[in-house]
There are 2 protein chains.
Amino acid sequence: MGSQKALLVICDGMGDRVEREFEGETPLGFAKTPTFDRLASSGSVGLMDPIGPGVRPGSDYATTALLGYDPRVYYKGRGGLEAAGAGMDLRPGDVAFRCNFSTVADDLTVIDRRAGRIEHGTTQIADTVGKIRPRGVKELKIDFKATVAHRGVLILRGRGLSMMVSDVDPHRDGVKILKCEPLDDSTAAKRTARAVNDFVLQSLKMLKNHPVNIQRIREGKRPANIILPRGAGTLPLFKTLPDLYGVRVACIAAVALVKGACRLAGAELIPVEGASGGLDTNYEGKARAALKALEDHDLVILHVKATDVASHDGDFRKKASVIERIDAAIGMVTPSLDATSTYVIVTADHSTPVSVRDHSGNPVPLLINGPGIASSNVSKFSENAASRGNLGRLHGLDLMPIIADYLDKAKKLGF
Amino acid sequence: MGSQKALLVICDGMGDRVEREFEGETPLGFAKTPTFDRLASSGSVGLMDPIGPGVRPGSDYATTALLGYDPRVYYKGRGGLEAAGAGMDLRPGDVAFRCNFSTVADDLTVIDRRAGRIEHGTTQIADTVGKIRPRGVKELKIDFKATVAHRGVLILRGRGLSMMVSDVDPHRDGVKILKCEPLDDSTAAKRTARAVNDFVLQSLKMLKNHPVNIQRIREGKRPANIILPRGAGTLPLFKTLPDLYGVRVACIAAVALVKGACRLAGAELIPVEGASGGLDTNYEGKARAALKALEDHDLVILHVKATDVASHDGDFRKKASVIERIDAAIGMVTPSLDATSTYVIVTADHSTPVSVRDHSGNPVPLLINGPGIASSNVSKFSENAASRGNLGRLHGLDLMPIIADYLDKAKKLGF
């Protein structure tokens with residue numbers, strides 16, 4: 001014992017509800033998944049409630065649970081995970097925000113929350129707004145980073161800040177931007193809201209005639225003339241998986257939130273060319289990167305967002321075909337895994353039924369394959385098969401202790 | 001209702017993982033267990049996570065849970081359970097230690113942690129070290145008792161003591177004894193560590209020329225020339241099962257920790273000639289004692305350590321054969337039980353896979369047989385059968401409420 005490895009495949013939002021017109025199956029049950037089926041049959045299957053039965057989690061909230069941290073204790077908002085996922089230096093006391101580069105009219109009505117899906121020039125804009133010193137708050141520092149396309153992250157650093165403030169981004173076009181409001185009576189929340197509002201108005205002033213925007217207007221594109229923060233959050237104080245279990249962990253993911261949660265949990269983030277977080281992601285490249293990462297890591301977390309994207313589109317067949325692409329990519333690398341020492345776990349962070357087009361509280365299917373694991377003998381990996389599986393019904397928080405146990409890294413309680 | 005009885009058979013570490021070379025079965029699944037199979041088939045079966053999925057418990061920790069006490073709240077270290085198991089008078093505020101009679105060289109290097117597996121004379125040695133008054137700590141009293149072979153228990157009694165101190169026993173031969181260190185910044189921990197260290201050094205001085213040791217050296221045996229404490233613990237404040245449920249409980253066990261936990265839970269400890277805690281234990285004698293104890297107790301807990309011993313040896317066939325011996329011993333007494341009023345529960349406190357040779361986080365199989373219990377119709381009692389059983393997947397803390405319910409001793413919550 002001692003040299004075991006584990007590959008944890010998380011298919012974002014893969015869990016679903018059955019559809020009568022698809023043989024009473026879910027997209028996973030309907031999809032042709034020879035690799036998952038083989039792993040499920042010679043391994044154990046069951047259902048897992050990411051948080052609890054009927055509870056609807058976001059991907060960040062659910063990933064926190066799957067990593068072994070009770071999100072009711074450790075989840076500290078979106079901003080902190082975004083900042084960590086962007087590789088920024090987030091410290092205790094900082095408050096971070098996910099931001100959009102957006103286009104507003106003079107009366108602050110949002111014309112386009114994504115500034116014409118801006119692709120270039122955001123780094124120069126970030127440099128400019130990074131120089132803003134919000135007024136009315138003493139000794140406040142800021143950090144700003146452009147991440148992917150219209151996305152960025154703002155960090156406020158100073159004494160007496162609070163994540164209990166509302167969003168400036170109104171989450172839809174055609175309405176005015178919102179005023180950041182304190183969500184409790186604390187001085188810290190009031191101070192933070194004041195700083196955010198001043199930052200937003202200063203960004204508007206500094207970006208109106210920014211060279212990148214002058215060029216964009218000249219090209220008939222929408223200018224990124226304002227920064228709209230939302231999702232205030234702080235640093236979640238995880239004790240890392242390496243500290244807890246003595247495991248080396250790698251994460252292969254495109255989504256900033258997931259990357260952030262995994263980075264804070266002590267995972268090395270492994271970039272993959274073409275990993276987009278979209279339907280067109282580099283499935284095979286991610287699987288190959290996972291295989292390589294297993295060489296010098298005990299646990300490799302492979303997260304694929306595409307299943308959730310197809311789910312939000314409400315497209316059953318598209319979701320099934322994304323699942324087939326993931327299955328094929330995993331099937332490409334499983335022959336290279338040492339079956340006597342490698343565990344493969346396939347699951348979802350939450351369900352996103354195509355009929356709901358949003359996250360639901362349904363449990364997700366789970367398979368665990370590896371040495372010493374009892375065979376379920378199911379013929380198909382699906383929610384239906386998992387509901388009668390030999391793992392029973394687990395909680396998301398159970399997953400990491402189970403993996404640590406099979407990696408022989410779990411600590412004994414008592415004698 | 002009201003005259004129901006229950007026999008709870010706990011096979012220490014019986015739970016296991018499947019092995020390919022043994023037909024994909026565990027030792028329990030592989031063993032010939034006609035009694036367990038009959039009880040399982042006409043009773044209900046399921047899996048039980050002693051603490052939680054993937055969580056690795058020690059026997060003391062797991063037994064605490066199976067008795068119905070959440071060990072995350074009630075488990076207070078090994079020493080307290082050892083003292084209770086030895087029948088000592090442990091009081092709130094006392095700190096107790098499991099101790100070894102050991103042999104050290106002049107430079108305090110451990111030659112033999114078990115002093116040549118000393119069998120005789122430990123009571124005289126215990127009388128001697130029981131007179132030690134550790135210096136530097138005011139009004140400190142001690143109590144010391146020799147238990148079985150090289151084993152003893154030390155109790156420190158006085159104001160301001162703490163269990164947050166480290167072991168003196170280095171847990172292996174050939175290295176120097178350790179200094180007892182405070183594990184937190186409290187004055188109580190520092191004072192306790194000081195007392196322990198002084199006790200150890202005084203024991204060395206008093207035992208050097210102890211008559212028992214002079215005789216042992218003359219006979220070419222290793223002297224028990226020092227006492228090595230470890231596993232500091234305090235009294236866990238259980239509300240007893242008789243108080244909680246109005247049940248009379250008996251415990252038949254050889255292991256001090258289990259005896260201690262059961263005694264603190266209000267069980268009468270019933271000694272059995274030849275119950276050794278080893279592979280050679282008196283299986284039939286324990287089963288007969290359990291049958292007799294059912295005459296005047298509502299719940300009889302029969303604990304067998306041998307399964308865990310075979311597991312730590314990593315011997316699949318030996319473990320299977322120990323399980324067969326337990327099955328035969330139980331089969332010897334079941335015909336004498338009144339099937340219309342007696343429940344038989346068979347389970348393990350935790351899994352100790354032979355492939356791991358240590359406790360694991362795998363769930364344990366559970367069978368409950370008795371009046372009103374649905375038939376599982378499984379053909380074999382095993383982890384595989386239990387994973388598809390009609391009890392689903394339970395937690396260790398669920399067991400005692402279920403037993404109390406069938407004994408008709410559970411209290412109703414609300415109206």
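# A walk through chains A and B

Start by selecting B:T122, which sits in helix α6 of chain B, a helix covering residues 122-129. Before you zoom in, keep in mind that you're looking at a predicted model. Is B:T122 buried or exposed? Its relative accessible area is 6%, and because anything under 20% counts as buried, B:T122 is buried. Now show what surrounds B:T122: if you skip the neighbours within four places in sequence, the residues in contact with it are B:F101, B:A146 and B:A149.

**Next stop: B:V212**

Hold on to B:F101 and add B:V212 to your selection. B:V212 belongs to helix α8 of chain B, residues 211-218. Draw a distance between the two C-alpha atoms: B:V212 and B:F101 are 12 Å apart in space, with their positions 111 residues apart in sequence. B:V212 has a relative accessibility of 12%, so it counts as buried. Which residues does B:V212 touch, leaving out those up to four places away in sequence? They are B:H120, B:G121, B:Q124 and B:I125. Two of those names, B:Q124 and B:I125, fall inside the 122-129 stretch of helix α6.

**Over to a strand: B:S102**

Now click on B:S102, in strand β4 of chain B (residues 95-104). At 0% relative accessibility, B:S102 counts as buried. Show its contacts, again ignoring residues up to four places away in sequence, and you'll see B:D112, B:R113 and B:A115, plus B:P223, B:A224, B:N225, B:I226 and B:L228. For another distance to draw, try B:S102 to B:D169: they are 67 residues apart in sequence, yet their C-alpha atoms are 9.2 Å apart in space.

**Two residues with a positive phi**

You've just met B:A115 as a contact of B:S102, so select it next. You'll find B:A115 in the loop between β5 (110-112) and α6 of chain B. What is unusual to look for in its backbone? B:A115 isn't a glycine, but it has a positive phi of about 45°. It also counts as buried, at 0% relative accessibility.

Now jump to chain A and pick A:L108. Here is another residue that has a positive phi without being a glycine, this time of about 70°. A:L108 is in a loop too, the one between β3 (95-104) and β4 (110-112) of chain A. Its relative accessibility is 22%, so A:L108 counts as partly exposed.

**Out to the surface: A:P211**

Stay in chain A and select A:P211, in helix α8 (residues 211-218). A:P211 is exposed, with a relative accessible area of 59%. Add A:A188 and draw the line between the C-alpha atoms: the pair is 23 residues apart along the chain and separated by 36 Å.

**Zoom out: all of chain A**

Time to colour chain A by secondary structure. How many helices and strands does chain A have? There are 15 helices and 14 strands. Its radius of gyration is 22 Å, close to the 22 Å that the globule rule gives for 415 residues, so chain A is as compact as a globular protein of that length. Turn it along its principal axes and the C-alpha atoms fill a box of roughly 65 × 55 × 35 Å. Of the 415 residues, 59% are buried. Take the contacts in chain A with a separation of 6 or more: 74% of them are between residues 24 or more positions apart.

Switch on the surface and you have about 16,700 Å² of accessible area on chain A, with 50% belonging to carbon and sulfur atoms. Colour by charge as well: chain A carries 55 positive and 48 negative side chains, and the centres of those two sets lie 6 Å apart.

**A helix in the interior: α15**

Select residues 399-406 of chain A, helix α15. Why is this helix described as largely enclosed by the rest of the structure? Eight of its eight residues are buried, so that's what puts it there. They are A:L399, A:M400, A:P401, A:I402, A:I403, A:A404, A:D405 and A:Y406. Just after α15, look at A:D408, which takes a positive phi of about 60°.

**Last stop: where the chains meet**

Finally, show both chains together. The contact takes 23 residues from chain A and 27 from chain B. The area buried between them is about 2,000 Å², and carbon and sulfur atoms give 52% of it. Which residues of chain A lose the most area to chain B? Select A:D405, A:L413 and A:F415: together they account for 33% of what that side buries. A:D405 should be familiar, since you met it among the buried residues of α15.

Technical notes:
Residues are numbered from 1 along each chain as its sequence is written. Chains are lettered from A and ligands numbered from 1 in the order in which they are written. This is a predicted model: local features need pLDDT of at least 70, side-chain atom pairs count only at pLDDT 80 or more; totals for chains, interfaces and linings use all residues. Side-chain values use heavy atoms; hydrogens and water are left out. Buried means under 20% relative accessible area, exposed over 50%, partly exposed in between (1.4 Å probe, protein chains only). Helices (H or I, at least four residues) and strands (E, at least two) are DSSP runs, numbered from the N terminus. The radius of gyration is taken over C-alpha atoms; the globule rule is 2.2 Å times the number of residues to the power 0.38. Contact means heavy atoms within 4.5 Å. Accessible areas come from the Shrake-Rupley method with a 1.4 Å probe; for residues, only the protein chains shown count as cover. Lys and Arg count as positive and Asp and Glu as negative; His and the chain ends are not counted. The place of a charge is taken as NZ of Lys, CZ of Arg, CG of Asp or CD of Glu. Buried area is the accessible area (1.4 Å probe) that two parts lose on being put together, summed over both.
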